Amino acid sequence: MPTEGEMLYAHIESKQIYITRHQGKIFAGDDRCPHAGGILSKGFCKDGKIVCPLHRWSFDLETGQNIDGEGGYILTYPIKKEEAAYWIGLPMKKWWEFLFIFFYYLMSHFSPFFMV
Ligand code: FES
């Protein structure tokens, strides 16, 4: 887990996520800036906001809303601490994502023409 103000990167279930700590609490959200795709985990966490390293847009840690008025937001994810473990609340997959995984599995295991 990050130390106070440290920005970490995690790749979980095909999502790129930043993780940081502010005033002892852990926060997580999408690692891509909505402005031009800056990598937020390469930015910094200061005064309760995430600051993008490219053009310095800043986003609220709790809500993900842009603070300086440019607009846009980042998705934030709830973090739950249970004894020695932290859990991150990611949105569930859509039904068509399960369907895609199922067909991908079928094709990769039973088709002689599908090479991965
Ligand atoms: S890419 Fe993040 S502020 Fe421009």
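What percentage of the 116 residues of the protein chain count as buried? The share is 21%. The model is a predicted one, and the paragraphs below go from the whole chain to its parts.

The protein chain contains nine strands and one helix. Read from the N terminus, the order is β-β-β-β-β-β-β-β-β-α, with the helix after the strands. The radius of gyration is 17 Å, well over the 13 Å that the globule rule gives for 116 residues, so the chain is more spread out than a compact globule. Along its principal axes, the C-alpha trace spans about 55 × 40 × 20 Å. Among the contacts in the chain with a separation of 6 or more, 30% are between residues 24 or more positions apart.

Next come the sheets. Strands of a sheet pair through backbone hydrogen bonds, and the pairing is either parallel or antiparallel. One open sheet has four strands in the order S1-S2-S3-S7, and its pairing is antiparallel. Its edge strands, each pairing on one side only, are S1 (7-12) and S7 (76-77). Strand S1 runs antiparallel to strand S2 (residues 15-22), and six bridges join them. Within this pair, Ala10 stands opposite Ile17 of S2.

Another open sheet has three strands, in the order S4-S5-S6, again with antiparallel pairing. Here the edges are S4 (44-46) and S6 (58-60), which each pair on one side only. With direction ignored, neighbouring strands of this sheet are turned by 30° against each other on average. Strand S5 (residues 49-51) is joined to S6 by three bridges in the antiparallel sense. For Lys49, the bridge partner in S6 is Asp60.

That leaves the helix, H1, which covers residues 95-110. An α-helix has 3.6 residues a turn, so residues three or four places apart point the same way. At 1.5 Å a residue, the 16 residues of H1 should span 22 Å, and the end C-alpha atoms are 23 Å apart, which agrees.

Is helix H1 largely in the open or buried? The number of buried residues among its 16 is zero, so H1 lies largely in the open. Phe98 is one of the residues in this helix. Phe98 counts as exposed because it has 11 C-beta neighbours inside 10 Å, and the cut-off for exposed is 12 or fewer. The C-alpha atom of Phe98 is separated by 32 Å from that of Asp60, 38 residues away along the chain. Asp60 is the residue in S6 already met as the bridge partner of Lys49.

How values were computed
Residues are numbered from 1 along each chain as its sequence is written. This is a predicted model: local features need pLDDT of at least 70, side-chain atom pairs count only at pLDDT 80 or more; totals for chains, interfaces and linings use all residues. Helices (H or I, at least four residues) and strands (E, at least two) are DSSP runs, numbered from the N terminus. The radius of gyration is taken over C-alpha atoms; the globule rule is 2.2 Å times the number of residues to the power 0.38. A residue is buried if 20 or more other C-beta atoms lie within 10 Å of its own, exposed if 12 or fewer, and partly exposed in between; C-beta atoms are placed from the backbone. Two residues are in contact if their C-beta atoms, placed from the backbone, lie within 7 Å. Two strands pair if DSSP finds at least two bridges between them. The expected span of a helix is 1.5 Å times one less than its number of residues. Axes are lines fitted to C-alpha atoms, for helices over the stretch in contact, and angles run from 0 to 180 degrees between N-to-C directions.
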